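Work through the exercises below with the model open. Each task is followed by a stepwise solution.

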Amino acid sequence: MNSRERVLLALAHKEPDRVPIDFGGLVTSLHHEAHRRLLEYLGMPPYRAPILDMFQQIVDPAPALKEMFHADVFGFFANPGSGWKLEVDPVTDTYVDEWGVLYQRPAGGYWYDLADHPLKEGTIEELERFQFPNPRDPNRIRGLADKAKDLLENTDKAVMIYPPTAGVFEHSYWLRGIEPLLTDMVYNKKYVEALAERVMEWQLEFWDFVLDEVGPYIHIVQLGDDLGGQHGPIFSPDLYREIYKPRHRRITDLIHRKTEAKVFLHTCGSIYWALPDIIESGVEIINPIQVSAKDMETDRLKREFGRDLVFWGGGADATEVMTFAMSEGVKEEVKKRIHDLAPGGGFVFASIHNIQAEVPPENIVALYEAASEYGQYPIRV
Amino acid sequence: MDLKQIHERVIAGDAPGVKELVEQAVAEGVPPAEIISGYLIPAMTEVGARFERQEFYVPEMLIAARAMQTGLGVLKPLVMEGELETAGRMVIGTVRGDLHDIGKNLVSMMFEGAGFEVTDLGVDVGPERFVSTVGQENPDILGMSALLTTTMPAMRNTIEALVEAGLRDKVKVLVGGAPLTQAYADQVGADGYAPDAGSAVRKAKELLGIV
């Protein structure tokens with residue numbers, strides 16, 4: 001059984017030969033520093049891994065590592081618009097994205113953070129004036145169909161396309177700033193909705209344009225929209241249901257019309273409360289299953305939502321276990337997640353979000369070794 | 001006037017309403033200290049409780065805290081020295097390498113709303129700055145926040161720096177932030193951990209024995 005068959009069986013809620021593994025994707029990779037130390041620890045030659053995501057400073061890992069960890073998925077991005085190029089100001093260690101959002105890395109920090117936002121006033125007039133980049137910029141699809149086709153025809157991996165930006169809620173706050181947007185939610189809901197509408201319209205246009213090119217060659221479309229805090233919703237579930245959920249649905253409807261690929265939603269934190277809504281909004285795969293957050297017990301998640309959702313992630317609690325436990329602790333944790341999530345298929349193993357710079361290499365190796373070892377069907381752990 | 005309205009308008013996050021009511025109350029001769037301790041502080045206690053019960057979320061808490069701050073802005077300059085009993089002094093900041101401040105801001109405002117005097121050092125605060133501020137201001141509580149697993153170790157560094165400066169026993173250290181746990185707080189030698197802005201105040205009061 002090859003990687004693609006394995007992933008597709010898991011996505012069809014059937015048991016393949018072993019639990020598929022995703023390593024090296026937009027939310028399943030590792031920080032360049034962790035990557036460097038991992039290669040060193042394994043005695044592998046240094047490898048200048050391309051930065052996969054500037055913001056998080058994660059890499060597209062060395063092919064030898066992907067092979068060693070039995071990675072079953074390949075992903076790719078659409079190109080940026082033609083008017084934009086990544087330029088880092090070396091003095092302030094900042095850069096600006098296609099929308100005019102500023103990112104800054106603190107001195108000695110490992111990655112960038114949102115530092116300034118273009119929508120300062122928070123008025124409908126400002127929003128109407130504000131120029132979004134062209135979602136149908138021809139550069140976005142230059143060479144893209146060939147790339148996707150090549151991945152489909154010349155690899156045996158499952159093929160995933162990454163999103164061009166964050167989801168409707170998250171991208172709203174990238175543009176507006178988190179505190180202003182959260183305040184708008186109470187004082188100016190009409191504005192929050194107008195902003196969500198424009199962000200969604202851009203994404204609909206983007207996917208319509210891009211899926212015409214790559215739709216037949218892909219198996220998974222990744223989206224992301226963080227809805228959870230550590231202990232529950234960031235903002236009221238009613239507001240999510242009123243403003244964001246219907247727009248998520250419009251995006252997934254379009255994707256489903258244009259491709260047979262499954263829709264993958266990356267949403268961090270405690271999101272148990274939202275899962276019935278997430279299912280209704282057309283999502284088939286949920287990630288990263290942040291087990292350290294409230295109400296994210298994997299046995300209950302599988303019992304209650306395993307029929308409707310594929311779980312993609314869950315691989316060792318990123319805060320306590322990966323960072324601070326010994327490698328034996330990592331293996332025990334992997335066993336538990338496989339025990340809870342793997343039976344019956346519907347599970348793709350991945351780290352819970354990207355592996356951070358200071359995670360010991362021993363633990364990274366233990367994570368994927370355990371996934372292969374205990375992930376053989378029928379599950380016996 | 002009905003002073004209870006101040007309490008209600010704070011909970012509703014109505015900053016202009018709070019300002020107007022507070023100014024009216026002052027004009028009618030209600031002592032500023034009484035408005036703070038009788039209405040603003042209890043309102044924020046209620047906001048914290050609703051947040052813990054998940055009746056309020058971050059947006060509601062943010063606007064309530066701002067409404068409270070608007071009221072305090074009017075009243076503080078009018079309060080005579082010694083007229084208002086402070087719950088304690090606090091120094092707070094997000095640790096080095098970490099630019100996340102919404103959680104820290106909420107904690108800071110909840111402490112203000114509970115009658116603490118708060119010095120907020122902002123984000124990306126290094127151990128030396130925490131230590132020098134503790135030395136100068138002699139706070140009861142030092143609050144440190146981190147959102148990243150990679151910046152959490154800065155809490156340990158800061159606590160070690162407090163020890164070296166001979167200040168560790170002079171201040172209670174309270175830590176928080178999404179990736180933190182009680183176990184981690186114990187490990188780095190903090191006095192307390194709180195999972196959210198509502199319970200942080202309660203924890204601080206418990207540490208100071210003013211429950």
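**Exercise 1. A covered helix**

Task: find what covers the buried residues of H6(A).

Solution. The cover includes strand S7 (113–116), helix H7 (178–187), helix H8 (189–214), strand S9 (220–224) and helix H9 (237–258) of chain A. Helices (H or I, at least four residues) and strands (E, at least two) are DSSP runs, numbered from the N terminus. This is a predicted model: local features need pLDDT of at least 70, side-chain atom pairs count only at pLDDT 80 or more, and totals for chains, interfaces and linings use all residues. Residues are numbered from 1 along each chain as its sequence is written, while chains are lettered from A and ligands numbered from 1 in the order in which they are written.

Next, count. Helix H6 spans residues 168–176 of chain A, and 9 of its 9 residues are buried (20 or more other C-beta atoms within 10 Å of its own; exposed means 12 or fewer, partly exposed in between; C-beta atoms are placed from the backbone). Among them are Glu170(A), His171(A), Trp174(A) and Arg176(A).

Last, step past the helix end. Gly177(A) follows H6(A), with a positive phi near 100°.

**Exercise 2. Two domains of chain B**

Task: describe the side of domain 1 of chain B that touches domain 2 of chain B.

Solution. Start with the bounds: domain 1 covers 4–78 and domain 2 covers 88–208 (from an automatic or database domain assignment). Their C-alpha centres lie 25 Å apart. Domain 1 of chain B puts 15 residues into the contact, and domain 2 of chain B puts in 12 (contact: C-beta atoms, placed from the backbone, within 7 Å).

Now assign elements. Helix H3 (32–52) and helix H4 (58–75) of chain B each supply at least two residues of the domain 1 side. H3(B) gives the most, with 9 residues.

Then sort by class. The domain 1 side has 10 nonpolar, 4 polar and 1 charged (Ala, Val, Leu, Ile, Met, Phe, Trp, Tyr, Cys and Pro count as nonpolar; Asp, Glu, Lys and Arg as charged; the others, Gly among them, as polar).

**Exercise 3. Chain B against chain A**

Task: which helix gives the most to the side of chain B that touches chain A?

Solution. In this interface, 20 residues of chain B contact 26 residues of chain A. H4(B) gives the most to the chain B side, with 5 residues. By class, that side has 10 nonpolar, 6 polar and 4 charged residues.

Technical notes. Contact = placed C-beta atoms within 7 Å.
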